[in-house]
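Dear colleague,

I am handing over the structure we spoke about, and you will find it directly below. After it come my notes on what turned up when I went through it.

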Amino acid sequence: MSDVPVKEQRVTKQRVAISAAMDTLDDFVSTQELHRKLHEQGTRVSLATTYRILASMAEEGLLDTLRNGEGEAVYRRCNATSHHHHLLCRNCGKTVEVEAPAVESWAARIAAENGFTQVQHTVEIYGLCPECSATT
């Protein structure tokens, strides 16, 4: 458990709307994509507020975040409750959550060999999902 205090967030109508929208999505979404979807649904929230709330939710561990192929941050409410990694389709964006014990052991060993402590890591594997592979 971390000794870093968690900042309590105010529950605003924008935060509730963003959280509800994230609950309906299966794959990762960029801030701009989510902002567009919210506006299409009639929810008024600024792009800056959308960025701030998504970043806050990710920091709280409510969302997973990673960088897509273009280096843009994307977010998703993940089903896994433990540390995990992702397989991502470069074509359609399909995402599969995977546990990788070998990666965990390797990361811990490399960190220890180099004297690092309190280590965190992210591993994302990009490729083509079976459906996209079949069409190429």
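**The open sheet**

In this predicted model, 3 strands form an open sheet in which the order is 1-3-2 and the pairing is antiparallel. Strand 1 (29–30) and strand 2 (64–67) are the edge strands, each of them pairing on one side only. Between strand 1 and strand 3 (residues 73–76), which run antiparallel, there are 2 bridges, and the bridge partner that Val29 finds in strand 3 is Tyr75. As general background, the strands of a sheet pair through backbone hydrogen bonds, either parallel or antiparallel.

**Helix 1 and its packing**

Which residues of helix 1 are buried? In helix 1 (residues 13–23), the buried residues are Arg15, Ala17, Ile18, Ala21 and Met22. Viewed down the axis of helix 1, these buried residues fall within an arc of 165 degrees, and they therefore line one face of the helix. The general background is that an α-helix has 3.6 residues a turn, so residues three or four places apart point the same way. On the other side of helix 1, by contrast, Lys13 and Asp23 are exposed. The buried residues of helix 1 pack against strand 1 and strand 3, and also against helix 2 (31–40) and helix 3 (47–59), which ties this helix to the two strands of the sheet that were described above as joined by 2 bridges.

**The hairpin of strand 4 and strand 5**

Further along the chain, strand 4 (residues 85–89) and strand 5 (residues 95–98) run antiparallel and are joined by 4 bridges. Within this pairing, Leu88 has Thr95 of strand 5 as its bridge partner. The hairpin has 5 residues between the strands, and Gly93 in this hairpin takes a positive phi near 90 degrees.

**The cysteines**

How many disulfides does the structure hold? The structure holds 0 disulfides. Cys92 is accordingly in no disulfide, and the nearest cysteine sulfur, which belongs to Cys89, is 3.7 Å away; the cut-off for a disulfide is that the two sulfur atoms lie within 2.5 Å. Cys92 counts as partly exposed because its relative accessibility is 46%. For Cys132, the closest cysteine sulfur is that of Cys129, and at 3.7 Å the two are too far apart for a bond. Cys132 is buried, its relative accessible area being 8%, whereas Cys92, as noted, is partly exposed.

With best regards

Definitions and conventions: Residues numbered from 1 in each chain as written. Predicted model: local features only at pLDDT ≥ 70, side-chain atom pairs only at ≥ 80, totals over all residues. Heavy atoms only, no water. Pairing = 2+ DSSP bridges. Buried < 20%, exposed > 50% of the residue type's maximum accessible area, 1.4 Å probe, protein only. Arc of directions from axis to C-beta. Contact = heavy atoms within 4.5 Å.
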